[in-house]
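These are my notebook entries on one structure. I set out to look up its sheets, the helices packed on them and its nonpolar cores.

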Amino acid sequence: MTEPADRPRIRLKPKANARGLRHGFPWVYGNDVVTDRRTRKIPAGALAVLEDDKRAPIALVAVNPNSKIMCRVLDRDITADLDATWLETRLHRALELRECLFDAPYYRLLHAEADGFPGVIIDRFGAACVIQPNAAWAEAHLDLLTDALVKVTGVTVVLKNASGRTRGLEGLDDVSQTLRGEAPQAPLPVPMNGATYMADLTGGQKTGLFYDQRLNHAFAARLVQPGAQVLDVFSHVGGFGLAMLAGGAGQALCVDGSAAALDLATQGSEASGLAGHLNTRQGDAFEVLTQLGEENAQFDVVICDPPAFAPSKQALDAGLRAYERIARLAAPLVKPGGYLGLCSCSHAADLSRFRDASSHGIGRAGRQAQLIHTGFAGPDHPQLPQLAESGYLKAVFYRL
């Protein structure tokens with residue numbers, strides 16, 4: 001074990017919430033700690049002992065003086081070593097949960113703070129994993145983490161995805177790379193909810209597929225009657241559309257701004273044995289929704305799953321207006337007695353505000369609604385109860 005005296009010490013200011021940190025909150029902001037020349041020189045990703053204002057130890061933390069989140073809690077044991085055993089133990093714990101939940105190895109394996117790996121995302125695609133090391137400590141220990149991942153899971157391919165705004169906030173680069181094995185030369189088929197999705201692990205968004213909507217896809221599929229006409233807006237690779245086709249829908253129209261994503265959706269329909277049942281329309285979602293309204297188009301189920309309109313508190317008001325507008329444009333496209341599903345992945349917009357914005361938009365469209373279901377991310381995206389940001393995904397389903 002490394003002696004605590006060998007590690008830098010970071011002290012909280014008297015007004016900082018030491019109790020919250022002792023009770024599980026995982027982040028320490030720069031304005032809550034005493035900073036001097038010594039602390040500012042701690043290398044990004046280095047380990048330190050966090051102390052309260054009376055110098056009583058609280059936790060072992062990873063430090064990044066370049067980030068607004070200056071410290072991320074790694075362990076309550078300040079003598080812990082961030083070695084292979086530490087990493088493998090936590091990976092085993094995460095893997096046990098996923099193997100309990102899923103019959104096939106297609107899931108989110110690590111969900112950052114909630115799995116004890118602050119800032120680290122790992123999605124698994126059979127024998128391949130994609131890591132998003134979105135914190136400096138993970139970048140600094142990436143080789144060790146990759147070795148532990150291979151040992152615990154037995155995967156043969158490990159890719160690093162360096163996209164996303166979080167790495168920029170940490171002062172990290174945006175260079176993706178292959179860490180183990182050979183990167184797949186074609187999209188990989190992923191079975192979910194009776195459909196087959198095509199995941200582009202090297203050229204797609206984020207890790208290549210969004211596993212968080214799995215349960216909401218399944219709920220939407222339950223709403224369709226045989227032969228139903230459905231609309232999937234912001235469809236990416238056909239998330240809701242393919243699930244609803246697998247559930248018995250007759251035709252699905254997928255709308256997205258990315259031609260590459262829509263091509264993968266088409267490939268997914270073919271791999272699912274549903275060729276000819278999925279149509280695509282590339283364009284700005286707001287414009288396409290407006291056009292469909294002008295065309296008097298009607299669908300049995302409409303789903304809108306946009307990107308984060310409110311990624312920060314500063315963007316909250318504009319984001320809520322955008323969610324309301326989506327609901328107002330989508331509601332007229334739903335047949336009487338049909339269903340409308342609206343989603344948000346903005347952690348800054350809590351469930352209450354998102355639901356209110358959605359309901360207001362439906363009302364402005366002149367439709368009456370019943371709120372029938374509220375959905376969240378699946379259990380392979382666990383929440384850390386003390387961290388509201390870990391519960392980012394919300395889905396509200398209405399009968400109109």
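Before reading any pairing, I fixed the criterion: two strands count as paired if DSSP finds at least two bridges between them. I also note that this is a predicted model.

**Entry 1: the sheet with strands 1 to 5**

I looked up the strand order first. Five strands make an open sheet, arranged 1-3-4-5-2, and the pairing is mixed. I recorded strand 1 (9-11) and strand 2 (27-29) as the edge strands, each pairing on one side only. From one strand to the next, I find a twist that averages 40°.

I then asked in which sense strand 2 and strand 5 pair, parallel or antiparallel. Strand 2 and strand 5 (residues 69-75) pair in the antiparallel sense, and I count three bridges between them. With three bridges, the pair meets the criterion of at least two. One bridge I traced to its residues: Trp27 has Arg72, in strand 5, as its bridge partner.

**Entry 2: the sheet with strands 6 to 10**

Next I turned to an open sheet of five strands in the order 6-7-8-9-10, again with mixed pairing. I find strand 6 (106-111) and strand 10 (177-180) at its edges; each has a single partner strand, so one side of each lacks a neighbour in the sheet. Here the twist averages 25° from one strand to the next.

I checked the pairing of strand 9 (residues 157-160) with strand 10: the two run antiparallel and are joined by three bridges. Across this pair, I see Val158 opposite Arg180 in strand 10.

Which helices pack on this sheet? Helix 3 (residues 84-101) does, touching strand 6 and strand 7 (120-125), and its direction makes about 145° with that of strand 6. Helix 5 (residues 142-153) also packs on the sheet; I list its contacts as strand 6, strand 7, strand 8 (128-133), strand 9 and strand 10. The direction of helix 5 makes about 55° with that of strand 10.

**Entry 3: the nonpolar cores**

Finally I looked up the largest nonpolar core, which has 42 residues. Phe125, Tyr197, Leu209, Val230, Met244, Val301 and Phe397 touch the most other members. Helix 8 (residues 239-246) gives the most to this core, with five residues.

I followed the contacts of Met244, leaving aside its neighbours within four places in sequence. Met244 is in contact with Ala220, Ala221, Val224, Val230, Leu231, Ala249, Val301 and Ile303.

I also noted another core lying apart from the largest one. This core has 37 residues, among them Leu231, Ala285, Leu333 and Val396.

Terms used: Residues numbered from 1 in each chain as written. Predicted model: local features only at pLDDT ≥ 70, side-chain atom pairs only at ≥ 80, totals over all residues. Heavy atoms only, no water. Helix = DSSP H or I, 4+ residues; strand = E, 2+ residues; numbered from the N terminus. Axes fitted to C-alpha atoms, helices over the stretch in contact; angles between N-to-C directions. Contact = heavy atoms within 4.5 Å. Core = buried A, V, L, I, M, F, W, Y, C linked by side-chain atoms within 4.5 Å. Buried < 20%, exposed > 50% of the residue type's maximum accessible area, 1.4 Å probe, protein only.
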